[in-house]
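This report describes one protein chain for a reader new to it. The sequence and the model come next, and the description follows.

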Amino acid sequence: MIEANNKEINELVVSKKESLLSSHKVVENIQKLKQELAQFLNFDELTPEILHRLIDRIEIKADGTPKIFYRFSAPKIE
């Protein structure tokens, strides 16, 4: 019984560490995105460089409506 409990405790500790690492990566990604966006907040003119850094591609459907693919994506929540 003690051995089974120790094994379960070790598995929970490993799971907790993995969860903390995952949340730390999400925080880092959010901080990087904030820094990237801060560079673009104070611009006077939309340049091709800014446009290319934010947008991956633009597709125009048959009815003329655009579909914009951005270079960033929403974080996955699991």
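## Hairpin, salt bridges and surface

G64 takes a positive phi near 95° in the hairpin of β1 and β2, where 5 residues stand between the strands. The model is a predicted one, in which local features need pLDDT of at least 70, side-chain atom pairs count only at pLDDT 80 or more, and totals for chains, interfaces and linings use all residues. Residues are numbered from 1 along each chain as its sequence is written, and side-chain values use heavy atoms, with hydrogens and water left out.

The two strands of the hairpin pair in the antiparallel sense over 5 bridges; strands count as paired if DSSP finds at least two bridges between them. I58 has I68 in β2 as its bridge partner, and I60 has P66 in β2.

Along the protein chain from the N terminus, the elements run α-α-β-β, which comes to 2 helices and 2 strands. Helices (H or I, at least four residues) and strands (E, at least two) are DSSP runs, numbered from the N terminus.

Confidence is given as pLDDT, the predictor's own score for each residue, from 0 to 100. The protein chain averages 80, and 88% of the residues score at least 70. Helix α1 (residues 2-41) has the lowest confidence, at a mean of 80, and strand β1 (residues 55-60) the highest, at 91. Where pLDDT is low, the predicted coordinates should not be read in detail.

Which residues take part in the salt bridges of D56, and what are the distances? The table gives these pairs, together with the pair of E59 and R57. A salt bridge is a side-chain nitrogen of Lys or Arg within 4 Å of a carboxyl oxygen of Asp or Glu.

| Salt bridge | Closest N and O atoms |
|---|---|
| D56 and R57 | 3.7 Å |
| D56 and R71 | 3.6 Å |
| E59 and R57 | 3.0 Å |

The structure holds 3 salt bridges. D56 lies in strand β1 and R71 in the segment after β2, so their salt bridge ties together parts that are 15 residues apart in sequence. Through shared partners, the salt bridges join D56, R57, E59 and R71 into one network. In relative accessible area, buried means under 20%, exposed over 50%, and partly exposed in between (1.4 Å probe, protein chains only). D56 is partly exposed at 40%, R57 is partly exposed at 39%, and E59 is partly exposed at 36%.

The surface also carries a nonpolar patch, formed by L33, L37, I58, I60, I68, Y70 and F72, with about 640 Å² of accessible area together. Two or more residues of this patch come from each of α1, β1 and β2 (66-70). Patches are made of residues with over 30% relative accessible area and no salt bridge; like charges are joined within 9 Å, and nonpolar side chains (Val, Leu, Ile, Met, Phe, Trp, Tyr) within 5 Å. Y70 is found in strand β2 and counts as partly exposed, at 45% relative accessibility.

For the protein chain as a whole, the accessible surface comes to about 7600 Å², of which 57% belongs to carbon and sulfur atoms. Accessible areas come from the Shrake-Rupley method with a 1.4 Å probe; for residues, only the protein chains shown count as cover. Of the 78 residues in the protein chain, 4% are buried. Among contacts (heavy atoms within 4.5 Å) with a separation of 6 or more, 3% are between residues 24 or more positions apart.
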